[in-house]
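Reader: Can you take me through how the two chains are arranged? Here is the entry.
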Number of protein chains: 2
Amino acid sequence: MKKVTIGLVGFGNVGAGVIKILRDRKRFLSDKTGTEVVIKKICDKDITSKRNVPVDKALLTNNINEILDDPQIDILVELMGGVHPAKEFITQALLKGKHVVTANKALLAECGKELFALASDRDKSIYFEASVGAGIPILKSLREGLVANKFLDIFGIVNGTSNYVLSQMAKDGCDFSVAVKDAQKKGFAEKDPTLDIEGIDSAHKLVILTYLGFGKLVEMKDLYIEGISRVTLQDVGYAKDLGFEIKLLAIAKNVSGELDLRVHPTLVPKGHMLASVNGVFNAIYVSSDLAGDLMFYGPGAGQLAAASAVVSDIIDLAQNMKAGMFRPKLNIVEDTAIHKLRKIDERLGRYYVRLIVLDEPGVLAKIASVLAKFGISIASVTQKERIARMGSVPIVMISHEAREKDLRLALDAINKLNAVTQKAVAIRIEEL
Amino acid sequence: MKKVTIGLVGFGNVGAGVIKILRDRKRFLSDKTGTEVVIKKICDKDITSKRNVPVDKALLTNNINEILDDPQIDILVELMGGVHPAKEFITQALLKGKHVVTANKALLAECGKELFALASDRDKSIYFEASVGAGIPILKSLREGLVANKFLDIFGIVNGTSNYVLSQMAKDGCDFSVAVKDAQKKGFAEKDPTLDIEGIDSAHKLVILTYLGFGKLVEMKDLYIEGISRVTLQDVGYAKDLGFEIKLLAIAKNVSGELDLRVHPTLVPKGHMLASVNGVFNAIYVSSDLAGDLMFYGPGAGQLAAASAVVSDIIDLAQNMKAGMFRPKLNIVEDTAIHKLRKIDERLGRYYVRLIVLDEPGVLAKIASVLAKFGISIASVTQKERIARMGSVPIVMISHEAREKDLRLALDAINKLNAVTQKAVAIRIEEL
């Protein structure tokens, strides 16, 4: 039987999962592929701690060169995370003629251009299914299953931590900070949850989805990124009353040739499939021009879920290598209809706007006149019950389609009114 | 550039879609694959009617041998549907060294064993992504993306017509026959909707999903099949009151090594993702042991959606052939933990039971005593408002877990009670 030999760097949770699967499913996988996957080396700083999978000590090393310099190793499986030194290890691996499998979304989002160019130059492949949506085969689906399609929109709930926090707020009526603590207690959030909560992790994944969906490898600075830390329980409740759920969406939208890339809390209409995605689950909703509107749903994290994707990448590579002559992965082809990136100021859409104002006559008239001045027209206004101790009252408005820049200017002016006692909150509504 | 040459048989709706995509996306696809797909012949009984895609007359033939006998044609794309003569054409194509792409679920469900054996014997491939869920890349996901997984359950809403009918009944409160007529008017149902409505089409797809998920190629006679034609508006409403939607599910469940294969109307709890799948949409919900619970959602039909899947199959084959040496598709491997098929009589689960009884004292006691005799225990009973003109009253019960055989015996006995004025209705509840 043909053999494909791997070296793995990063023997953490997912790394141990990969080793476990390759062990436990050895026969199952070789029956499917006619190829045996051999684990030759496992590199980690820490080679003494116990993992939940038994490993022959001879496989363990803390010297990456034992993988990089070993010509028998066909594939570097990088599961250490973080940009450095993962980038250097992958670069070296490509230079030394190895293929790469990685789950490292931060690295691909930050340095993808360089790494993909090097891989292409060396006729090697980088596979990265586990980088978005853990075990959900979303990247293979975009690249292969939907190969003939052009994409109109991609809307992703791609950060399980944020979705858990928002779901808890909506379900249990708990505050943001309580929900975050609960997520941390359950192991769904890191000690420092910033990357997840502030939308950075979703943005990393959006860069990757945009690459697969539109053939454009954008940079992090090209994205508008806003996390969920300013979403209040109050707004979650008001949105619900209006028939919406608040979700952190990663959005790539082709608006007549301009690509609109954003991560932010979004009002999603309750009837939409994405509104039903709760807890740590992820879902990627894709509008394609041939196959129509599709959704891919599953757990967004987990040792074996991520490892399942890593193993499918290894098997894909093994299949290609078995063909004798290497079969290159399908090329990523740029959607030439896209000619520029759209700035957030130019966003056109509806907005949920929540104000806290003094409960006195004439306030609404003043607000309405400011909005009118900036061309913002209002579809509905609801005055909520008075907040007793403050003498103030919340007003919730849904705008008609407006330009983001105009809305911002209007809200700046409204915030300056004497009757407005708290800074206005605006949350984007997406028509899905 | 390398070329891959196809001959297409069945120039109907989907066939025309395939030709259109291969035309319109010629450059896009060759940029991705480095291969050109050449359409050499299109065969159909009718080569004179106009399609929505212009075709050089020289390509058209009504003689299948112009494809089968042409050694330059690498792939037969079969889109005619029906078992005969599609089976004979595919058999001939394999014997003459061609690969096959087909969307023909009826054929694969009826004659898959024979055709796959022949393909394997001749070292040729049969691809069939379009046979389930149109453009949803579910088969590629099960086979490749989830290659390392074993599956616990597969629950599919795989017939758009039935799902449309049930959705309309739930939404508009219309009767079954009205909903069917509406579906026919909108082009979502055939003139004779039997195959869709009676669960046959779902069963064909279940055979294919079972093959991909469990490595078992079962026969149609191994499945329990029940359609939606006996689902009444009344039951849709009562189920809703209890927190359920009624969906036609294709079910493959691994119950401790016994494979339970069924198609029938099912009560799905409202919070579950499958309950939100409405209209002509399809969704396949998969429980896997590594990647967890996944759902794949999208339109279940449509010219370009199905054609999108056919083209992805053609591209997959083209990629394989380009590798110089043919790269065989991943083998389907039987899940050896499965040792038998479970009969419907042995199903264990909860049931929705609806009775129409005379509104007089002691009736419920009699019914309860029959149920108790057969070991059926009841979780909830609701007496609905009296049906005026009949002097009868509906009783809706939810059972605890029971064995199907016991329930049937109990209902047979209940149907014989004088106070029972209509045959009892039972619908299975699935714990998802």
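Author: The turns below cover symmetry, the interface and the strand pairing across it. This is a predicted model, where local features need pLDDT of at least 70, side-chain atom pairs count only at pLDDT 80 or more, and totals for chains, interfaces and linings use all residues. Residues are numbered from 1 along each chain as its sequence is written, and chains are lettered from A and ligands numbered from 1 in the order in which they are written.

Reader: What turn and shift lay chain B on chain A?
Author: A turn of 180 degrees with a shift of 0.0 Å along the axis, giving an RMSD of 0.0 Å (least squares on the C-alpha atoms of residues with pLDDT of at least 70 in both copies). The two copies are therefore related as by a two-fold rotation axis.

Reader: Which residue of chain B comes closest to the rotation axis?
Author: B:Phe296, with its C-alpha at 2.5 Å.

Reader: Interface next. How many residues of chain B are in contact with chain A?
Author: 48 residues of chain B touch 48 of chain A, contact meaning C-beta atoms, placed from the backbone, within 7 Å. α12(B) gives the most to that side of chain B, 10 residues (helices are DSSP runs of H or I, at least four residues, and strands of E, at least two, numbered from the N terminus).

Reader: Why do the copies meet through the same surface?
Author: Because 100% of the interface residues of chain B are also interface residues in chain A.

Reader: And the strands, how many bridges join β12 of chain A to β12(B)?
Author: Three, and the strands run antiparallel; pairing requires at least two DSSP bridges between them. A:Met295 stands opposite B:Tyr297 there.

Technical notes:
Contact = placed C-beta atoms within 7 Å.
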